[in-house]
Structures are given as structure tokens and as C-alpha cells.
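Trainee: Could you take me through the backbone and the cysteines of this model, with a close look at the places where the backbone departs from the usual pattern?

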Amino acid sequence: MRILFLSFLLFSHSFIHAQLPFLGDKEPDGKPEIHYYKFYNGVQMIEFDYLSAYHKKVNYLEQAQPRALTWEMVLGPPHPNVYLFRNENGEVIKQFGSYNESDLVDVEKSKKIAICHNSISSMFGSVIGFSQIGTRYFPYYLIGNSQGGQGLIDSLGNTVLEQNYSTIWKGDGVFITRTLNSVYELRDRNLRLRFSDPDYFLQPSQQISGFVDVGKDKKYGLMDSTGAFIVKCRYSMLIGGFNYLGLARVERKEK
């Protein structure tokens, strides 16, 4: 038991410091991290991870040079991630975004450093909450940015959600999308549309796994993953977690 606990502490320490650099470290240069994925159906995906590099730079500057305006406001939006798809001969057969070919290693070298599509960061990154990992919503990958529109592709480079969204969230078995004209949508794990209404606000519940916070006219309720209302929008605050008796704290202001 003690060994497991010490292993957990070591993992937590390593993970946190991978996200938040020491002030004594050299300032990150902002160059993208390049991730090589294992071949799948004869195709290899290569990710130029600009977003991770961007957030590492922002985290460093926020600690080393704090200022009134956030560094995200100063630096502007991050460059969208670039994705390449190549065959066993090294020929690029599909791409999203531009890249510098000299930055790539050949196919044989890439196989030695390739990671699985269902790696820990791909599967749990968006749940943990680090935005730089949240570009990977296994089995989908985020393309674009909030300014020009976001979408999703799969591990073969097929577009599964067009770049028509300002925000994409991954919840427990659901996706919440917000269109460029601010309409919220609820989609299941296969991206099938379950609920859409311009009058409602949606977000994955932070307190109740598998449910969705829903709001209208400054009143809040709960929805399940199918888009059915569990609690109508009648409360003046988001519904918190349920206790062991199945009860949740709410607030309702009577007129």
C-alpha cells in the first residue's frame, strides 16, 4: 500500500511539473511539440502541438513576469495544431495546416518514438482539465481554433465535425459544442446531435458525472446524456453534487 501511495505521489509531482515549469527554467521558445503516433490501417498521424507549447510559454510568463493583462491577452490566440497523415513510404497523403518538412524524422525513426492513439493523455486529457491536453478527445482530435472555428478529425484524418464551432467540450460520454453564432448543442460519444436550442446554455456538469448543466434565463437545471431534462431550469444556481442520500444542494429564489 505504501509503495502504491509513493508511486502516486511521484506521478503527481512529475505530471504537475510537466505542466508548470520552474522559474529557473529557460523561457519556452513556443516551438510546437511533435508527436508521432503508431501506424493505423497503414497511416501514421503526426501532430504539431502548438497549443501545448503556447500554454507552457504562458504558464512560464505568468509566473516569471506577472502583469495586469494576462499573457494570453498579450500574446494573442495560439496557433492551431497541425496534423499530417503519411503512409509507410513517408508520403503525406493528407494534412491540416502547413508545416516545415525539415522538422520531421523519417518513418523508421518515428516508429521508435511513436505513441498509441489511446494513450493516457489522449483518453483523459480533457477530463483532467489541462487545456493543452484537451486538444485530444480520444478517439478524436481538435483542429482549428476559437477565432476561425473548431472541428474534430479522427486518427485517419477524416473530418468528423466541421470547423463550425467556437468551443468544443468533452464530458463523460458526451460532447458539448457551441456554434460560431453561439448556439449550444449536446452530442453523444459518436457525435450524434441529441439537443440543440438557441435559448439554452449547456456545459458538462462539473459536479455530477455523466450529466449536463443546462440554463435558461438565469435559471439552471440538469440534463442527461440523451438530451432529456432530469431537472427543469428552475433554480438560481448550478446544481451541486448528490450526497449518499441522493440529495443535492440547490437555491431557488421565489418571486
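Mentor: A disulfide is a pair of cysteine sulfur atoms within 2.5 Å. Put in chemical terms, a disulfide is a covalent bond between the sulfur atoms of two cysteines. This is a predicted model, and it holds zero disulfides. Among its cysteines, Cys116 is partly exposed, with a relative accessible area of 34%. Cys233 is also partly exposed, at 21% relative accessibility; buried would require a value under 20%.

Now the backbone. Most residues other than glycine have a negative phi, and most peptide bonds are trans. Start with the peptide bond between Phe138 and Pro139, which is cis, with omega about 5°. Pro139 lies in the loop between strand E5 (136-137) and strand E6 (140-145).

Next, phi. Asn41 is not a glycine, yet its phi is positive, at about 55°. Asn41 sits in the loop that runs between strand E1 (33-36) and strand E2 (44-49). With a relative accessibility of 61%, Asn41 counts as exposed, because exposed means over 50%.

Ser182 is another residue other than glycine with a positive phi, here near 65°. The loop that holds Ser182 is the one between strand E9 (174-179) and strand E10 (184-188). Ser182 has a relative accessibility of 46%, so it counts as partly exposed.

To go back over the backbone in the structure, look at the cis bond joining Phe138 and Pro139, then at the positive phi of Asn41, then at that of Ser182.

Terms used
Residues numbered from 1 in each chain as written. Predicted model: local features only at pLDDT ≥ 70, side-chain atom pairs only at ≥ 80, totals over all residues. Heavy atoms only, no water. Buried < 20%, exposed > 50% of the residue type's maximum accessible area, 1.4 Å probe, protein only. Helix = DSSP H or I, 4+ residues; strand = E, 2+ residues; numbered from the N terminus.
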